[in-house]
Amino acid sequence: MKLLKPMTLAAMFGLLLGGCASSPQDTQSEPTFSLQELYQDNLFAVQSFTSSRWLQDGSGYTTLESSDDDDGQHIVRYHPRTEEREVLVSAEQLTPQGEEKALSIADYQWSEDGNKVLIFTNTRRSWRTHTLGDYWVLDRNTDQLLQLGQGFPESTLQFAKFDPAGERVAYVMQNDIYVQNLQTQEIKALTYDGSDTLINGTFDWVNEEEFYLRDGFRWSPDGQHIAYWQVDTSDVPMFTLIDNVSELYPTTTQFPYPKVGETNSALRIGVLPADGGDTQWMNIPGEPRDHYLVRMEWAGNSHELLIQQMNRLQNTMHLWLTEADTGAAHQLLTEQSDAWVEQVDDVQFFNAGNSFTWLSERNGYRQLYRIDRETHGTGITPLTYGEHRQYDVIDVKQILIDDQGAGWVYYLAAPDNPLQQVLMRASLTGDAVERLTPEDWPGSHDYQISEDAEFAIHHVSRLGQAPQTRMLSLPDHQAIADLELNTPLQNTLDERITSDTEFFRVTARDGLEMDAYIMRPADFDERREYPLVMYVYGEPWGQTVADRWLGHSWLWHEYLTQQGYIVVSVDNRGTRSPRGQEWRHSIYKQLGVVTVRDQADALDEILSRWSYIDGDRVAIWGHSGGGSQTLNALFRYPDRFHVGIALAPVPDLRLYDTIYQERYSGLLPEEADSYEETSAVTHAANLEGELLLVHGTADDNVHYQGTERLKDELIRHQKQFRFMAYPNRTHGISEGEGTSLHLRTLMTEFLSEKLAH
């Protein structure tokens, strides 16, 4: 990972002046790559193996491969052990009649019998993700290629899925649900009231963004009914985005966006016959606009639903079992917290639907349990914790059950090191837990496990090393085949990466240890003094310090070390590190206060530990929540942090959406004083250092409005700062030709200007 370069004359001269502070570039050789190579030429491109999926019949996995003439893609099956290859669907089969090129495959799914394949293509964004598009069905028995929803506007279908028999497809179009018969091609509307304010089968902006609710309907296992969400956005305040670029006169886009304390959408869940009829609504108690229906699924059968409901404060969640034909609701169990609870994504039914898996933090860690329905929620069997099992379950991957109802649940966890996730399994009886990833396999691991759990597509990466994908047998982890080793990328990294990255820990003032990494220049000399750049996120939805491939942020930090900087990142308390509930909940109602106090404590220890870091030249930067923490660091600790770059920050927490901000900061008006204190804009008058503030004007997530308020406050206090608005860019500030290169050049030049002596 570390490549030592021959020392230049300038560097040797610098050694003779040992102990002097220097400009970032004073002691450095020429960089081994440019920002243009990184952000425009894609020098460090990662080849992924993400299009693969296991077939339910156990015959292998499928993946996408370019056709020989490059006019389309084949769907190809491979046997996991023999690597026998078979083209199941050719690009020629996916070429519509009269067209020269095959359909471009954004996604695909098989019918349960494997005889049909559903192709998602011609996609476009709905809110923040590409969920709108066109769908086609290929019948492999007849070679018939059918476009669904013919006569509907282009790219308006969402979430199409086969019924269990593979005879019909249901989808959403313009907020109504339709079912199409594949034999007769008849299209039948199941709902008729979809409008701009009433949404059937999908969701509004805030539920999509914060609860990952997008696909809003489910076929029953017997194919006779469809359960779905309905979202009523009436009375939710509208937010307006202004486009000053695309037309001669400004144009606007409006969408419902509930800011803290404002009216939420009302959600309800209903069941209707798949061949049409009236909806039976589920009778979940509570005022809909003061509660969230965060998850819904058929309860292992075709006559009951399992529904997760949170209160608006998000500190209580009820699990309801509802009857599809009457709507009657029976409370199965309740999760509560002094801070917040989280929805459970990994519910999996087994034992003929009488048992299911459940994730809970009731013992202080996110652990896996078995719930037995016949006990009405009182029979809760712990599967993954015990006296020596104090760790978080990260993700449930697979459940394997034999004919007697015994079996294993496979899951990811970080039992020994929060920086590295591994595969483990626990028996469904709760009497056995074992780690499957070998102890001597470092890094962070992920697995796509076959239906019989005999094989897995294994992904592994480490900090500074290219991701690799292999076929493994389970549970023994014997390598069968190399699927994608990213050898060209690794060769480029070996040639171009010169820094040395080291993990370490720092201690906060109350004794809490925090994970961090430090990157030093290749020709590092501890007798010199180097400017420091700290990278922060610091909020509950991110972890910056992990032993995995960290992408362009880490590569830009590598570029900075080649400019003569030392780079450090610290995960303060509250970040999404698998270190238990107490760690995560410790920042409740303290975002921007305790979070940046930890960063300041970390900086103090770093400066006392390493004398070669210049304590008078300290910069901090971050994006989104990290931008917010950057502002708070500059405003609350102006004597420690001298330069800051805040990308798309939330300067005033009252301007963000209800679900996210109320979860971590509480409700208004009760917490009005807390919102005032924890918002960076309140402390803007304390700015003493240099600030670069950056925002995209089309940011539908963290609104440009907040940055405007901050600018107004800084001007009022006569605080000078640098500002860049990126026209029509959204939250990632990445759309448009040359945007990423322009942004990183701006950031690099700002650091050079402000940290040079």
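**Exercise 1. Describe the lining of the largest cavity by residue class, then name its residues and give its volume.**

Step 1. Six nonpolar, three polar and two charged residues make up the lining of the largest cavity. In this classification Ala, Val, Leu, Ile, Met, Phe, Trp, Tyr, Cys and Pro are nonpolar, Asp, Glu, Lys and Arg are charged, and the others, Gly among them, are polar.

Step 2. The lining residues are Y257, K259, V650, P651, D652, L655, Y656, N701, V702, H703 and G706. On a 1 Å grid over the protein atoms alone, a cavity is a set of points where a 1.4 Å probe fits but cannot get out, a pocket is an open set with protein on both sides within 12 Å along at least five of seven lines, and lining residues have an atom within 4 Å of a point.

Step 3. The space in the largest cavity is about 60 Å³. Grid points are joined across faces, edges and corners, and a volume is the space filled by probe spheres set on the points.

Before continuing, note the basis of the work. The model is predicted: local features need pLDDT of at least 70, side-chain atom pairs count only at pLDDT 80 or more, and totals for chains, interfaces and linings use all residues. Residues are numbered from 1 along each chain as its sequence is written, and side-chain values use heavy atoms, with hydrogens and water left out.

**Exercise 2. State how many cavities of 30 Å³ or more a search of the whole structure finds, and describe the second largest cavity.**

Step 1. The search finds three such cavities.

Step 2. For the second largest cavity, the volume is about 40 Å³. Its lining consists of D204, V206, N207, N264, S265, L267, H291 and Y292.

Step 3. At least two lining residues come from helix 3 (205-211), and at least two from strand 20. Helices (H or I, at least four residues) and strands (E, at least two) are DSSP runs, numbered from the N terminus.

Step 4. By class, three residues of this lining are nonpolar, four are polar and one is charged.

**Exercise 3. Characterise the largest pocket by its volume and its lining.**

Step 1. The largest pocket holds about 2,000 Å³ of space.

Step 2. Its lining has 47 residues, and Q56, Q109, W110, K161 and E451 lie nearest the centre.

Step 3. The class counts are 19 nonpolar, 11 polar and 17 charged residues.

Step 4. Several strands supply at least two lining residues each, including strand 1 (53-54), strand 9 (157-162) and strand 20 (291-298).

**Exercise 4. List the domains of the chain and describe how domain 2 meets domain 3.**

Step 1. The chain is divided into domain 1 (35-46 + 489-755), domain 2 (49-188), domain 3 (190-343) and domain 4 (347-447). These bounds come from an automatic or database domain assignment.

Step 2. Between the C-alpha centres of domain 2 and domain 3 the distance is 27 Å. Their contact (heavy atoms within 4.5 Å) takes 21 residues from domain 2 and 30 residues from domain 3.

Step 3. Together the two domains bury about 2,100 Å², 60% of it on carbon and sulfur atoms. Buried area is the accessible area (1.4 Å probe) that two parts lose on being put together, summed over both.

Step 4. On the domain 2 side, W127, N175 and I177 lose the most area to domain 3, together 34% of what that side buries.

**Exercise 5. Locate the prolines that follow cis peptide bonds at L474 and L668.**

Step 1. The bond from L474 to P475 is cis, with omega near 0°, and P475 lies in the loop between strand 34 (465-473) and strand 35 (478-484).

Step 2. The bond from L668 to P669 is also cis, with omega near 5°; P669 is placed in the loop between helix 9 (658-665) and helix 10 (672-678).
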